[in-house]
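Here is a friendly note to read alongside the model. Please keep the 3D view open while you go through the points.

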Amino acid sequence: MTPALPPLILLAGPTASGKTACAIHLLERQLPVELVSVDSALVYRDMNIGTAKPDAATLARAPHHLIDLISPLEAYSAAQFRNDALQVMAEITARGKIPLLVGGTMLYYKALLEGLSDLPEADPALRAQLEADARTDGLAALHARLASLDPTTAARLHPTDSQRIQRALEICLLSGEPMSALLARQQASPLPYRTLQLALHPSDRAVLHERIALRFRQMLQDGLLDEVRELQQRYPALHPDLPSMRCVGYRQAWLHLAGEDNLPTLIDKGIAATRQLAKRQMTWLRGLPGWQLLDCLAADLPQQVEQQVQRWLDAGPAH
């Protein structure tokens, strides 16, 4: 008889949808869960306000795995997340607890649920050459070059998405094949878990947009600009093209501190960028199978999440 797979709970959703509050509610209801962050911004140390990182009191009450892993000068990939998450999940399961993955970085969920293709590692020399080509010829020329080598990937990338255009070109040139062909051969790596996939989704996007605007303004009141100033002082090598400073909020704050935007423009750009992030997160969710949607605007959302989890746990493994 095949042994039952251990349980795993995934709780995803766009920014400002209430994921952390729901996760902490489950913990405080004495469910045997340990929280694992699925957030590409929370991995950075010293970036607290703009990432909406839970404060020290909350983390003392509800510890999160996979936060504060690296400095803002470093990079962290979906492959690293998958490896780290699988290790942490195995440790949690060995303790007799249930991993509860909570966050909004959908690429990380996809990497975890579907596995990763065997793409070539970054090549610093080639990357430097592509960056030089972008400065000399313009990003449109690089996008056109990608379109000639890999029209499928070029069609889905925005012509101004420099990071992804350069990476796709790098993969084509290193492997001799289009990135789209490599991804198509991707082998799924089934997780050794029985999963419950809950996704928070707004019944009214306008209300979510209001939440986003309120939260961004609150971040500014809480000292986002001071936080970025402190990061610049603490990490002299920090620059706006690093992945950490491309996080929503930090990019806009950097431009303001550099004198490029006034405060009203910073606020408008920050809110608009966060709304765009939420839109991308919801698009990702619609494209990934197996998620059960819950209205993140429901007044009793934490209780609804708890009921779904409890029913699922009570039902036990399918036979």
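The points below cover the source, a strand, a loop residue and the nonpolar cores.

1. This is a predicted model, in which local features need pLDDT of at least 70, side-chain atom pairs count only at pLDDT 80 or more, and totals for chains, interfaces and linings use all residues. Residues are numbered from 1 along each chain as its sequence is written, and side-chain values use heavy atoms, leaving out hydrogens and water.

2. Look at strand β5, residues 194-201 (strands are DSSP runs of E, at least two residues, numbered from the N terminus). Of its 8 residues, 7 are buried (under 20% relative accessible area, with a 1.4 Å probe and protein chains only). β5 pairs with β1 (residues 7-12) in the parallel sense over 6 bridges; pairing needs at least two DSSP bridges. Strand β6 (residues 292-295) also runs parallel to β5, joined by 4 bridges. Find Ala199 in β5: Ala12 stands opposite this residue, and so does Leu293 in β6.

3. Is Thr51, in the loop between β2 and α2, buried or exposed? Thr51 counts as buried because its relative accessibility is 10%. Among the residues that Thr51 touches is Tyr250 (contact means heavy atoms within 4.5 Å).

4. Tyr250 is also among the residues with the most contacts inside the largest nonpolar core, which has 49 residues. Such a core is a set of buried Ala, Val, Leu, Ile, Met, Phe, Trp, Tyr and Cys residues joined through side-chain atoms within 4.5 Å. Its largest share, 6 residues, comes from α3 (helices are DSSP runs of H or I, at least four residues).

How values were computed: Buried means under 20% relative accessible area, exposed over 50%, partly exposed in between (1.4 Å probe, protein chains only). Lists of a residue's contacts leave out its neighbours within four places in sequence.
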